Amino acid sequence: MKQIIFAAAGCAIAALAFADATAAMSMQDTAAGTYVRRENGEATLIVKRTGEHWRVSAAVGGVPNGAATVADCGFIAEGSITGHAFEGKVTRVNIVAGLDEQGDAAKPGLGFSFSIDKGAITVRGADAAAICGGEGSLIDGTYPRRSR
């Protein structure tokens, strides 16, 4: 009887481990896409797999403030997705979406991270002033998926 209980417990543990691994794998497989935030200045994140890493291209509009609205901000971050989280380094800044993906090299040490779940990306704690080169841009917020 004890062997059956231990065998059943072992199967349950293996099933949970497989489910966690499958959930993480499927999140990575489905993370690619375009995500758009509409509040506090429109912003778009395009998430793509590049080999073993992930690349996030961002176009962030300035927070609406009439004639004082700042120019759009664009940057590229490269990193990894583990579970439901992206952790990366900002590699390029001053990107003009669709026109110039070269931009300028980012200052060393600029990080960018977000969580992804249920078809949306949530960014919290992004240093918009450092990444975008001044005040008036907001990167934080919820970005629902627009397309894959």
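This is a short tour of the chain, stop by stop, for you to follow in your viewer.

**Before you start**

You're looking at a predicted model, where local features need pLDDT of at least 70 and side-chain atom pairs count only at pLDDT 80 or more, while totals for chains, interfaces and linings use all residues. Residues are numbered from 1 along each chain as its sequence is written, and side-chain values use heavy atoms, with hydrogens and water left out.

**The whole chain**

Show everything as a cartoon. You should find 2 helices and 9 strands (DSSP runs numbered from the N terminus: helices are H or I with at least four residues, strands are E with at least two). Follow the sequence and the order reads α-β-β-β-β-β-β-β-β-α-β. Of the 148 residues, 32% are buried; that means under 20% relative accessible area, with exposed being over 50% and partly exposed in between (1.4 Å probe, protein chains only).

**The core**

Next, select Leu45, Phe75, Phe112, Phe114, Ile121, Val123 and Ile139. Within the largest nonpolar core, which has 29 residues, these touch the most other members. Such a core is a set of buried Ala, Val, Leu, Ile, Met, Phe, Trp, Tyr and Cys residues joined through side-chain atoms within 4.5 Å. Now colour the elements that give two or more residues to this core: strands E2 (43-50), E3 (53-60), E4 (73-82), E5 (85-93), E7 (111-117) and E8 (120-123), plus helix H2 (128-132). In soluble globular proteins, nonpolar side chains tend to be buried together.

Stay on Val123. Which residues is it in contact with, leaving aside neighbours within four places in sequence? They are Leu45, Phe112, Ser113, Phe114, Ile139, Asp140, Gly141 and Tyr143. Here, contact means heavy atoms within 4.5 Å.

**Two stops on strands**

Go to Val90, in strand E5. Val90 is buried, as its relative accessible area is 6%. Draw a distance to Ala106: the two are 16 residues apart in sequence, and their C-alpha atoms are 6.2 Å apart in space. Beyond residues up to four places away in sequence, Val90 also touches others, including Phe75, Leu110, Phe112 and Ile131.

Then hop to Thr44, in strand E2. Is this residue buried or exposed? Thr44 counts as buried, because its relative accessibility is 19%. Among its contacts more than four places away in sequence are Thr34, Val36, Ser57, Ala59 and Tyr143.

**The largest pocket**

Select Asn94, Ile131, Cys132, Gly133 and Gly134, which lie nearest the centre of the largest pocket; 19 residues line it. On a 1 Å grid over the protein atoms alone, a pocket is an open set of points where a 1.4 Å probe fits, with protein on both sides within 12 Å along at least five of seven lines, and lining residues have an atom within 4 Å of a point. About 230 Å³ of space lies inside, counted as the space filled by probe spheres set on the points, which are joined across faces, edges and corners. H2 gives the most to the lining, with 3 residues.

**Two loop residues**

You've already selected Asn94; look at its backbone. Asn94 sits in the loop between E5 and strand E6 (104-105), and its phi is positive, near 60 degrees. At 48% relative accessibility, Asn94 is partly exposed.

Finish at Lys118, in the loop between E7 and E8. Lys118 isn't a glycine, yet its phi is positive, about 50 degrees. Most residues other than glycine have a negative phi. Lys118 is exposed, with a relative accessible area of 77%.
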